[in-house]
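Trainee: I am new to this structure and would like a close look at a single part of it. Please take me through that part step by step.

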Amino acid sequence: MNKIIEPEVNVEIESGKLTGSKVITVSKKLSDLANIFRNEDTRREMNQDQVIYRVQAYMPVDEGTEAGLFFGTTIIYPGKVGDEYFMTKGHFHAQSDRAEYYWGIEGEGMLVLMDRERNAWVEKMYKGSLHYIHAGVAHRTVNIGEEKLIFGACWSSDAGHNYDEIIKNGFSARLVELDGEPILVSE
Ligand code: PAN
Ligand code: ZN
């Protein structure tokens, strides 16, 4: 049977915005980010309803499906908890052999990467930057600019997310502002 159909999701190339009935949106407020920032007391004193980041995702197959792909756009708003920039929770993939692509769409950011031995390194993110996140490497994105940081992602539908390890042990490197500049500090 030959037929021409409309795609069920559209991506606005300039902004990464996804539209279509199959798109899901998840917002992370400050209240969802307990024990993520270095200064937990400062986080608790801030407005808990403030949205720190939003993820739009297109998941055309069920989570856990072998060899499928998911596609997402993340927006991190600008701001800090104390001297530490707003960032995602960060995670290892639950399946340790699953990699991922990220690419910068808008704004200025840093991608913090950490292997199983807790060696950490950071890649700059900007419009057009492309990042291959190797399997077994934890990843977190940080907005170091004054505008929104927007990036795209593509990952396996059976990668899964292991957040617990990051909540428990954190990353071995953080990005904080010192004299108006982002600096990398070890935990
Ligand atoms: C991304 C992330 C997204 C939000 O789609 O899930 O940027 O970050 P956290 O999941 O760490 O809150 C991804 O890496 N998926 O695997
Ligand atoms: Zn991931």
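Trainee: Which spacing do the donors of the zinc ion (ligand 2) follow along the chain?

Mentor: Keep in mind that this is a predicted model. Along the chain, the donors of the zinc ion (ligand 2) are spaced as H-x1-H-x6-E-x38-H. The residues behind these letters are His91, His93, Glu100 and His139. Each of the histidines coordinates the zinc ion through NE2, while Glu100 does so through OE. The coordination distances run from 2.1 to 2.3 Å. The site has six donor atoms, with angles of 73 to 171 degrees among them, and is octahedral.

Two of these residues also belong to strands: Glu100 is part of strand E8, residues 100–106, and His139 is part of strand E12, residues 138–143, so the pair ties together parts that lie 39 residues apart in sequence. Glu100 and His139 are both buried.

From His139 the view can move on to the sheet that contains strand E12. This is an open sheet of three strands in the order E10-E9-E12, and the pairing is antiparallel. Strand E10 (120–125) and strand E12 are at the edges with a single partner strand each, so each has one side without a neighbour in the sheet. On average, and with direction ignored, neighbouring strands of this sheet are turned by 25 degrees against each other.

Strand E9 covers residues 109–114 and pairs with E10 in the antiparallel sense over six bridges. Within these strands, Met110 stands opposite Lys124, a residue of E10.

Note on methods. Residues numbered from 1 in each chain as written. Chains lettered and ligands numbered in written order. Predicted model: local features only at pLDDT ≥ 70, side-chain atom pairs only at ≥ 80, totals over all residues. Heavy atoms only, no water. Donors = N, O, S within 2.8 Å, 3.2 Å for Na, K, Ca; no water. Tetrahedral: all angles 85-135°; square planar, octahedral: opposite > 155°, others 65-115°. Helix = DSSP H or I, 4+ residues; strand = E, 2+ residues; numbered from the N terminus. Buried < 20%, exposed > 50% of the residue type's maximum accessible area, 1.4 Å probe, protein only. Pairing = 2+ DSSP bridges. Axes fitted to C-alpha atoms, helices over the stretch in contact; angles between N-to-C directions.
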